[in-house]
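Hi everyone, thanks for making time. I'd like to walk you through one structure today, so please have the viewer open.

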Amino acid sequence: MITMNDTQIVAETGNRIPEPGGAFNTVENIIYGRRSVRFYEKNKQVPEYIIRRIIEAGRFAPSAGNGQPWKFIVVQDQEMIKEMEEDVIKKLKLIMRFAWYLGSWTKHKEWVAKSLMRFFPNLFHPVPFGAMRLIVDGKLGLWHGAPTVIILLADKRSPGDPSLDTGIAGQNMVLTAHSYGLGTCWVSFMTPLKMYARWRKRLGIRYPYKLVTSIAIGYPRGGPDGNVSRETQAIDWFGANGTFKIVY
Ligand SMILES: Cc1cc2nc3c(=O)[nH]c(=O)nc-3n(C[C@H](O)[C@H](O)[C@H](O)COP(=O)(O)O)c2cc1C
């Protein structure tokens with residue numbers, strides 16, 4: 001439990017605006033150094049006090065109206081992780097078969113694909129669909145063998161956007177875990193778990209809670225896989241006195 005008061009927090013941060021082109025500070029190093037980890041040390045569990053400390057960083061996230069709409073579920077039971085993984089894969093197979101059936105049932109495959117992408121733009125996006133194929137074929141693990149899984153639920157009754165608040169809390173946790181040298185990976189392919197009544201019951205995925213996503217945590221084995229590039233998006237900049245520019 002954090003006991004720092006506001007004065008201490010201000011003293012900690014202070015006025016440390018970097019010079020133009022100045023070196024990254026600790027927070028920036030943590031942000032830029034984090035990568036999704038998909039290989040974990042087997043049989044090396046993260047101690048409870050560390051997980052609690054990571055969750056504490058999530059609890060201190062900002063939220064709309066200070067609604068704090070998150071609920072965290074820690075799973076360190078390897079049997080339970082395996083069971084959830086097997087059940088998710090069954091549903092992913094079903095989703096893939098459904099898409100394949102729709103595609104093969106008509107000559108207008110392209111039209112079907114476009115319609116699916118239009119009505120379910122997130123689920124039938126080509127990138128997750130490719131990854132789904134790998135998971136179903138056993139070439140990519142769901143939680144990548146991580147010994148700890150934190151499942152994130154959001155309270156639908158909260159003001160603003162409870163899923164967004166929960167995501168912000170999750171990123172606080174991911175960055176804190178990385179600062180301890182732990183590996184993490186956000187895992188949203190697990191959401192078909194909510195299609196099972198018994199998992200909804202066991203995990204408490206019922207009103208007012210909805211399932212948002214999950215985070216895998218463990219000791220990384222080797223480095224992260226490959227380089228993930230970042231696009232440079234144009235930034236529209238409305239400056240002082242009605243000026244406008246586009247920067248990158
Ligand atoms: C909300 C969310 C869900 C994600 N779901 C998965 C997933 O189910 N499986 C997976 O391996 N990676 C998943 N990722 C990780 C992304 O693939 C990864 O963050 C992205 O490729 C950028 O790579 P980096 O995290 O190494 O910078 C997810 C990331 C986010 C933010």
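Let me begin with a convention, since the helix angles depend on it: axes are lines fitted to C-alpha atoms, for helices over the stretch in contact, and the angles run from 0 to 180 degrees between N-to-C directions. Please also keep in mind that this is a predicted model.

With that in hand, look at helix H2, residues 26–33, and its packing on H7. The two axes are 9 Å apart, and the angle is about 100 degrees. H2 and H7 are therefore roughly perpendicular to each other. On the H2 side the contact uses Ile 30, Ile 31 and Gly 33, and these meet Leu 175, His 178 and Ser 179 of H7. Sorted by class, that contact of H2 with H7 has 3 nonpolar, 3 polar and no charged residues.

Now stay with H7, residues 162–179, and turn to helix H3, residues 48–59. Here the axes come within 7 Å and cross at roughly 140 degrees. That makes H3 oblique to H7, because angles over 145 would be needed to count as roughly antiparallel. The crossing of H3 past H7 is right-handed. Which residues in H3 meet H7? They are Ile 54, Ile 55, Ala 57 and Gly 58, and their partners in H7 are Ala 169, Gly 170, Asn 172, Met 173, Thr 176 and Ala 177. In this contact of H3 with H7 we find 6 nonpolar, 4 polar and no charged residues.

Let's zoom out. The protein has 8 helices and 6 strands, and from the N terminus on they run α-α-α-β-α-α-α-β-α-β-α-β-β-β. Along the principal axes, the C-alpha atoms fill a box of roughly 65 × 50 × 40 Å.

There are two domains on the slide: domain 1 is made of 35–77 + 144–218, and domain 2 covers 82–136. Their C-alpha centres lie 25 Å apart. Each domain puts 7 residues into the contact. What classes of residue does domain 1 show to domain 2? That side has 7 nonpolar residues, with no polar and no charged ones.

Next, the ligand. Around the ligand you'll find Arg 35, Ser 36 and Arg 38, then the run Cys 185, Trp 186, Val 187, Ser 188 and Phe 189, and finally Thr 213, Pro 224 and Val 228. By class, this shell divides into 6 nonpolar, 3 polar and 2 charged residues.

Last, two backbone details for those of you who check geometry. Most residues other than glycine have a negative phi, and most peptide bonds are trans. Asn 43 is not a glycine, yet has a positive phi of about 60 degrees. You can find Asn 43 in the loop between H2 and H3. The other detail is the cis peptide bond joining Tyr 207 and Pro 208, with omega at about 10 degrees. Pro 208 sits in the loop between helix H8, 197–203, and strand S4, 209–218.

That's my tour, and I'm happy to take questions.

Definitions and conventions:
Residues are numbered from 1 along each chain as its sequence is written. This is a predicted model: local features need pLDDT of at least 70, side-chain atom pairs count only at pLDDT 80 or more; totals for chains, interfaces and linings use all residues. Domain bounds come from an automatic or database domain assignment. Two residues are in contact if their C-beta atoms, placed from the backbone, lie within 7 Å. Ala, Val, Leu, Ile, Met, Phe, Trp, Tyr, Cys and Pro count as nonpolar, Asp, Glu, Lys and Arg as charged, and the others, Gly among them, as polar. A residue is near a molecule or strand if its C-beta atom, placed from the backbone, lies within 6 Å of it. Helices (H or I, at least four residues) and strands (E, at least two) are DSSP runs, numbered from the N terminus. Angles under 35 degrees count as roughly parallel, over 145 as roughly antiparallel, 65 to 115 as roughly perpendicular and the rest as oblique. A crossing is left-handed if the near helix is turned anticlockwise from the far one by less than a right angle, and right-handed if clockwise.
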